[in-house]
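Trainee: I am new to this structure and should like to examine one part of it closely. Please start from a single side chain and then describe its surroundings.

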Amino acid sequence: MFRVGMHCVGPVRSQNTILTRFSRSLNTLRQPASQIKVNHATRMTKRSCVNYYPQNGPKNSRNIAIGVAALGLGGAVIYGSTIYSSSSEVEKKAVETPVLANQSEDDDATDEQPVEEEAPVAEETEDHAEPVAKETEVRTEEPTVADSPEGGAVATEEAAEVDNGPQIPEHATYILIGAGTAAYSAQKAISKRDPKARILIIGEEDYVPYMRPPLSKELWFSEDPNVAETLRFVQWNGRERDLFYQEKDTYVTPKQLAQGKAGTAVMCGKRVNSINPVTRKVILDDGTEIGYEKCLIATGGSPKNLPIFEKSSKEIKDKVSLYRNIADFKQLDNVVRNSESVTIVGGGFLGSELACALARRGRSSGLKVHQIFPEDGNMGRVFPKYLCEWTTKKVEEEGVHVVPNNTISKIELEDNKVSLSLQSGEKIISDHVVVAVGLDPKTDLAESAQLEVDDKQGGYRVNSELQARSNIWVAGDAACFYDIKLGRRRVEHHDHAVVSGRLAGENMTGAGKPYWHQSMFWSDLGPHIGYEAIGVIDSSLPTVGVWAKATKADTPKAVVEASDDNIRSTAQENATSETPVSETKPSDETVRAAPEREEFGKGIVFYTKNDRVVGIIMWNTFQCMPIARKVLKEGKRYSPHELHELAKQFNILGQE
């Protein structure tokens, strides 16, 4: 049986253009190209990644039949009929496209050829049993049996030469489970230390690795009506880019990996169901087994839902969504373009960012945005009360109807809208609801791989080198690691995914390095308000805040323009470890003025435990992360007055 692989290529001139590839070019069958017909081919963008492996699928879902007949006394005419019907499991919209007529046998030399011209769409027929009869005949000069001294053996040899080689490697040096930031960072580190490595990334989404932060930030500020298709956005510094770390065609294909080529391949739309740590094999959802020498689990997490929504009727569930990935962005983008109102449930990082982003879009579209959460204000679980209230005021200024100190007591459907009855007696009615209440780490591989899951933090427990057991490492959101300064932790931020993925990749190649990095995170409530934080940020801890007047340079937009990097954690790597210290001593008014005085728009908040700094927020204060890391690493005891002096190192008062 033939194995059929479909791979999108870039640049794609049209969204209706794809490249359909077989294990060996069908031109070797001496069949006119126009008679090769593909029904229900997948519509893809150039970064989508869809793999079909019929040897693993239902037998009745994919069939290819080739018939060979000899006609006449002195010659033979080779006739091939190909029937391909894609499985109903493929969830993408389809268009019908023939193989390019000028495709040559040399096409197998590379796995992905750029599409130079849009192929004509094949004529659709209701009767797929006889597609060849309705195709236009193309004349080609092919050798006949009479032209060959071997006679009728030509057709047999051509059919026998079809490559039935594997489309999926049976073994890879390194298997990375999950196709997010941590896995991408790990493969970069592995490739650098082991250039001949064969690396296989296996991801459940239909995309190669991409960055998540813009999904709740810059993508929503795009004025392009097709942003959900292009996934391109304008950074605060005015430069345009897309979500993806690198183009799909810069990776090798799984087939090339199976043929022994070194490099990194990405298998999209595949799920690892279990790991056998004894035989060192991963088992995919279709039963395929792939061996490894080293394995990384970087599966991230799944967005949480609330029981009241989970128990709702199907009609209500259809108007409620979670938010985590590209598919969620595409769905929500379509929803808000066709809605009058939307409600965000959750007042944390994601909920507050989404609320501000949607409200800003609503300025031009008229979209009304509500936000409901049980805390006193936005970021109530991480900010001190005064900063929480000040942040809520800023979110409201963006156009969000904020409803704090409330939970949902009842959900109903009224006039095809979702009606939320709140504990306070207020009722919120909207077209759609987005639940943004946190993340559950994915630990479903723990049982098969015999890995320990932390009962408090969640995630796989790993040692200081991010190793869970022999030949298995964990990085990113799913890793519960031991911090020598702050105890056992699990972190759900971009910077942690980058650094832990890189360290895991290095250790998989024998580096043996401990994880000591204090990861940072950042959040932007638009181009003019942003903060960066590190360590334990918990509103239940004592805090000391030092505040000063903000300038035009003290905004997320300004820092991106200065660093020329939209990913804040990357920009911080280039920041200096020392900052000039102002000799001006902060006054009591400066320290306490932030909640009341609008001009005091930047500051430092120290979170303490037993008089030691365990966390720091830098509000509209940027490029100071190395200083914050140094403070946490030293672990000194500070009085409140000494913390005021310490704030000078962050230069929030400017230079004299």
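Which backbone oxygen does the side chain of Ser352 reach, and at what distance?

Mentor: The side chain of Ser352 reaches the backbone oxygen of Gly348, at 2.9 Å. This is a polar contact (a pair of N or O atoms within 3.5 Å; within protein, one must be able to donate a hydrogen and the other to accept it, and residues adjacent in sequence count only if both atoms are side-chain atoms). The model is a predicted one, in which local features need pLDDT of at least 70 and side-chain atom pairs count only at pLDDT 80 or more, whereas totals for chains, interfaces and linings use all residues. Residues are numbered from 1 along each chain as its sequence is written, and side-chain values use heavy atoms, with hydrogens and water left out.

Ser352 belongs to helix 8, which covers residues 349-365; helices (H or I, at least four residues) and strands (E, at least two) are DSSP runs numbered from the N terminus. Ser352 counts as buried because its relative accessibility is 1%, buried being under 20% relative accessible area, exposed over 50% and partly exposed in between (1.4 Å probe, protein chains only). Leaving aside residues up to four places away in sequence, Ser352 touches Gly346, Gly347, Gln371, Asn378, Met379 and Leu525; contact means heavy atoms within 4.5 Å.

Helix 8 itself lies across strand 15 (341-345), strand 16 (368-372), strand 17 and strand 21, and runs at about 165° to strand 16. Such angles run from 0 to 180 degrees between N-to-C directions, with axes fitted to C-alpha atoms, for helices over the stretch in contact. Helix 9 (residues 385-397) also packs on the sheet: this helix touches strand 16 and strand 17, and its direction makes about 145° with that of strand 17.

The sheet in question is open and has five strands in the order 14-21-15-16-17, with parallel pairing; two strands pair if DSSP finds at least two bridges between them. Strand 14 and strand 17 (400-403) are at the edges and have a single partner strand each, so one side of each has no neighbour in the sheet. On average, neighbouring strands of this sheet are turned by 20° against each other, direction ignored. Three bridges join strand 14 and strand 21 in the parallel sense, and Leu322 has Val435 of strand 21 as its bridge partner.

Helix 7 leads back to the same region. Its buried residues are Ile326, Asp328, Phe329, Leu332, Asp333, Val335 and Val336, and they pack against helix 3 (227-230), strand 14 (320-322), helix 8 and strand 21 (432-435). At the N-terminal end of helix 7, Asn325 serves as a cap, with a side-chain oxygen 3.2 Å from the backbone nitrogen of Ala327. The 12 residues of helix 7 (residues 326-337) should span 16 Å at 1.5 Å a residue, which agrees with the 17 Å between its end C-alpha atoms; the expected span is 1.5 Å times one less than the number of residues.

A separate description is due for the open sheet of three strands, whose order is 18-19-20 and whose pairing is antiparallel. Strand 18 (408-414) and strand 20 (427-430) are its edge strands, each pairing on one side only. Four bridges join strand 19 (residues 417-422) and strand 20 in the antiparallel sense, and Ser419 stands opposite Ile429 in strand 20.

As for the wider setting, the protein chain has 16 helices and 32 strands, and 55% of its 656 residues count as buried.
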